[in-house]
Amino acid sequence: MSIMRRVRDITVANLNERLEKAEDPVRLIDQFLWSTREEIIQAERLHQQYLGHSNHLKAQWLQAEQQKEKREQQALTALKAGEEQLARIALHEKTTSEERSNQYRELYEQSRQNTMDLEDQLREMRSEYQLVYDKREYYAARMESLRLQQRMNARYTEGGQAGGIQPGSMFRRLEDRIGDMEMEAKSLHDLRRMGKEFITEAGNQVQSVIERELQQLKKKLEKEGWSS
């Protein structure tokens with residue numbers, strides 16, 4: 001695992017832990033997005049440097065390979081001409097070129113592998129950034145809805161109406177917290193509705209008693225011979 005990958009894991013782990021305690025998760029998510037964006041920019045610069053370095057190593061490798069083949073052909077030409085000493089010199093230079101070719105090929109392959117690893121990390125960070133950004137938009141909207149609902153509940157407690165707050169793999173525990181708050185807001189709303197229904201029902205019962213007593217008074221007057 002690369003150093004960059006370890007740093008990323010630590011960052012995400014800290015975000016998980018801090019989200020559970022955050023009063024304002026959206027602000028914490030914004031800090032994480034800013035930090036991740038900076039890391040993406042640095043990784044993109046490093047990727048460009050790796051690409052340039054890999055291209056340079058590949059050019060050195062291919063140049064040494066061409067030199068090796070050229071010296072081999074020169075050795076064959078010298079042998080055909082009966083110049084064994086020249087052939088030996090050409091073969092010696094071929095061996096040197098072959099050694100350089102192997103060295104540069106090994107460096108190029110290592111650099112290419114590092115470039116591919118960095119590309120994978122870049123894809124992962126960009127995907128992570130987009131995922132958290134999308135979540136941030138959702139939780140920002142959800143928190144605003146809950147804040148408004150909380151203010152409405154506070155107004156009702158003082159003689160007004162009812163309200164709520166908040167959001168977070170990373171967001172699972174945060175979901176539980178928000179769910180509890182939503183249940184509380186709904187309970188207050190249901191209690192208020194039940195209170196109104198109780199007042200209406202009580203009023204109907206009082207009205208029924210009054211009507212019943214009125215009818216009894218009418219019957220009493222009729223027995224006494226009084227008619228309206």
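Start by selecting Q60 together with R100 and Y104: setting aside neighbours within four places in sequence, these two are the residues that Q60 contacts. Keep in mind as you look around that this is a predicted model. Q60 sits in helix α2. Is Q60 buried or exposed? Its relative accessibility is 18%, and the cut-off for buried is under 20%, so Q60 counts as buried.

Next, move one residue along and select W61, then add Y108. These two rings form an aromatic pair, and the structure holds one such pair. How are the rings of W61 and Y108 arranged? They are stacked, with 5.7 Å from centre to centre and 25° between the planes. The angle fits that label because planes under 30 degrees apart count as stacked. Colour by helix and you can see what the pair joins: W61 belongs to helix α2 and Y108 to helix α3 (residues 84-157), so the contact ties together parts that are 47 residues apart in sequence. Switch on a surface and check both partners. W61 is buried at a relative accessible area of 19%, and Y108 is buried as well, at 12%.

Now select residues 25-80, the whole of helix α2. How far apart should the ends of this helix be? With 56 residues at 1.5 Å a residue, the expected span is 82 Å, because the rule multiplies 1.5 Å by one less than the number of residues. Put a distance label on the end C-alpha atoms and you should find 81 Å, which agrees with the expected span. Then step just past the end of α2 to G82, where the backbone takes a positive phi of about 80°.

For the next stop, travel to helix α4 (residues 172-223) and pick out L188, which lies in it. L188 is partly exposed, with a relative accessible area of 36%. Add L191 and M194 to the selection: with L188 they make a nonpolar surface patch of about 290 Å².

Finally, zoom out to the full chain. How many helices and strands does the chain have? There are four helices and zero strands, so to speak an α-α-α-α run when read from the N terminus. Of its 228 residues, 26% count as buried. Show the surface of everything at once and you are looking at about 16,300 Å² of exposed area, 51% of which is supplied by carbon and sulfur atoms.

Note on methods
Residues are numbered from 1 along each chain as its sequence is written. This is a predicted model: local features need pLDDT of at least 70, side-chain atom pairs count only at pLDDT 80 or more; totals for chains, interfaces and linings use all residues. Side-chain values use heavy atoms; hydrogens and water are left out. Helices (H or I, at least four residues) and strands (E, at least two) are DSSP runs, numbered from the N terminus. Rings of Phe, Tyr and Trp (its six-membered ring) pair if their centres lie within 6.5 Å; planes under 30 degrees apart count as stacked, over 60 as edge-to-face and the rest as tilted. Buried means under 20% relative accessible area, exposed over 50%, partly exposed in between (1.4 Å probe, protein chains only). Accessible areas come from the Shrake-Rupley method with a 1.4 Å probe; for residues, only the protein chains shown count as cover. Contact means heavy atoms within 4.5 Å. Patches are made of residues with over 30% relative accessible area and no salt bridge: like charges are joined within 9 Å, nonpolar side chains (Val, Leu, Ile, Met, Phe, Trp, Tyr) within 5 Å. A salt bridge is a side-chain nitrogen of Lys or Arg within 4 Å of a carboxyl oxygen of Asp or Glu.
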